[in-house]
Amino acid sequence: MQGNVGHSIHRRNMTGIGSLSMPSYLCSNNNGAYPLAKLEVLYNDDCPICRREIKHYAGLSDGSVAFVKITEQSAADWGLTEEQAAKQIHARSDGNVTVGVDAFVSVWKQLPYYRLLALVIGWRPIRYITDAVYRKVLAPLLFAMHKRRQRRQAGSIR
């Protein structure tokens with residue numbers, strides 16, 4: 001599983017992973033379980049750029065998207081380490097996980113003003129290019145900045 005996390009086209013079924021008996025986007029009430037969100041997004045809240053972007057998306061969401069901060073537990077619920085989760089954005093719906101550009105497209109499909117962008121970026125030739133730019137340039141750059149922030153914070157604690 002670890003080797004495939006870096007590719008945004010990667011999809012996998014997550015049913016049966018971890019100790020959750022039902023997806024975390026389901027909640028039970030007196031009448032049983034009902035969906036709270038169709039799509040969950042795992043994101044790095046320690047990254048100011050990621051945090052600002054997710055805050056923007058959350059403001060546009062009608063509740064159909066749940067935004068989950070990366071913690072040791074939330075990453076484990078997705079079958080990831082915190083470091084794997086922080087390398088790229090992850091989204092899941094009905095047990096299927098998308099990573100990178102495909103995760104962004106999944107989010108954009110749920111948001112007003114972004115549905116057209118999802119269609120354009122989802123077009124195979126454009127998705128190929130945007131995926132390469134995200135995986136090879138943007139995601140590694142954001143992750144390097146994240147690691148640098150962590151080192152600075154660890155140094156200031158001592």
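Trp78 is buried in this predicted model, with just 1% relative accessible area. That may look like an odd spot for a buried residue, since Trp78 belongs to a loop, the one that links helix 2 (72–77) to helix 3 (82–87). Along the chain, Trp78 and Leu42 are 36 residues apart, yet their C-alpha atoms are separated by 8.6 Å. The ring of Trp78 also has a charged partner: the charged end of Arg92 sits over this ring, 4.2 Å from the centre. Trp78 turns up again in a nonpolar core of ten residues, together with Ala75, Val97 and Phe143 among others; more on that core below.

Stepping back, the chain has 158 residues, and 37% of them are buried. Its secondary structure comes to six helices and seven strands. Going along the sequence, these elements come in the order β-β-β-β-α-β-α-α-β-β-α-α-α. Of the contacts with a separation of 6 or more, 65% join residues that are 24 or more positions apart.

One piece of this layout is a β-α-β unit. Strand 4 (residues 39–43) and strand 5 (residues 65–69) run parallel and are joined by five bridges. One of the residues involved is Tyr43, whose bridge partner in strand 5 is Lys69. Together with helix 1 (residues 48–60), the two strands make up a unit that is right-handed. Within strand 4, Val41 has a long list of neighbours. Leaving aside residues up to four places away in sequence, Val41 touches Val65, Ala66, Phe67 and Val68, and also Ile54, Trp78, Ile89, His90, Ala91 and Val107.

Val41 also belongs to the largest nonpolar core, a set of 20 residues. Along with Tyr57, Ile89 and Trp108, Val41 is one of the residues with the most contacts inside that core. Which elements supply the core with at least two residues each? Strand 4, helix 1, helix 4, helix 5 (115–122) and helix 6 each do. Helix 4 gives the most, with six residues. The core that holds Trp78 is a second one, separate from this. In general, nonpolar side chains in soluble globular proteins tend to be buried together.

Helix 4 (residues 101–108) deserves a closer look. How much of helix 4 is buried? Seven of its eight residues are, so the helix is mostly covered by the under 20% cut-off for burial. The buried ones are Val101, Asp102, Ala103, Phe104, Val105, Val107 and Trp108. The cover over them comes from several parts of the chain, including strand 4, helix 1, strand 6 (90–93), strand 7 (96–99), helix 5 and helix 6.

Aromatic rings are part of the picture here too. The count of aromatic pairs comes to four. In one of them, the rings of Phe104 and Tyr134 have centres 5.6 Å apart and planes at 80 degrees, so this pair is edge-to-face. Phe104 is in helix 4 and Tyr134 in helix 6 (residues 124–157), so the pair ties together parts that are 30 residues apart in sequence. Both Phe104 and Tyr134 are buried. Trp108 and Tyr114 make another pair, this one stacked, with 6.3 Å from centre to centre and 20 degrees between the planes. Trp108 counts as buried because its relative accessible area is 11%, and Tyr114 likewise because its value is 18%. These four residues also join Tyr57 in one aromatic cluster.

Two loop residues show a quite particular backbone. Where does Asp94 sit? Asp94 is found in the loop between strand 6 and strand 7. Although Asp94 is not a glycine, its phi is positive, at about 55 degrees. Its relative accessible area is 58%, so Asp94 is exposed. Tyr113, in the loop between helix 4 and helix 5, also has a positive phi, near 75 degrees, and is a residue other than glycine. Is Tyr113 buried or exposed? With a relative accessibility of 73%, Tyr113 counts as exposed, whereas Tyr114 is buried.

How values were computed:
Residues numbered from 1 in each chain as written. Predicted model: local features only at pLDDT ≥ 70, side-chain atom pairs only at ≥ 80, totals over all residues. Heavy atoms only, no water. Pairing = 2+ DSSP bridges. Helix = DSSP H or I, 4+ residues; strand = E, 2+ residues; numbered from the N terminus. Right-handed = clockwise from strand over helix to strand, strands pointing away. Phe/Tyr/Trp six-rings, centres within 6.5 Å; stacked < 30°, edge-to-face > 60°. Buried < 20%, exposed > 50% of the residue type's maximum accessible area, 1.4 Å probe, protein only. Lys NZ or Arg CZ within 6 Å of the ring centre and 35° of its normal. Core = buried A, V, L, I, M, F, W, Y, C linked by side-chain atoms within 4.5 Å. Contact = heavy atoms within 4.5 Å.
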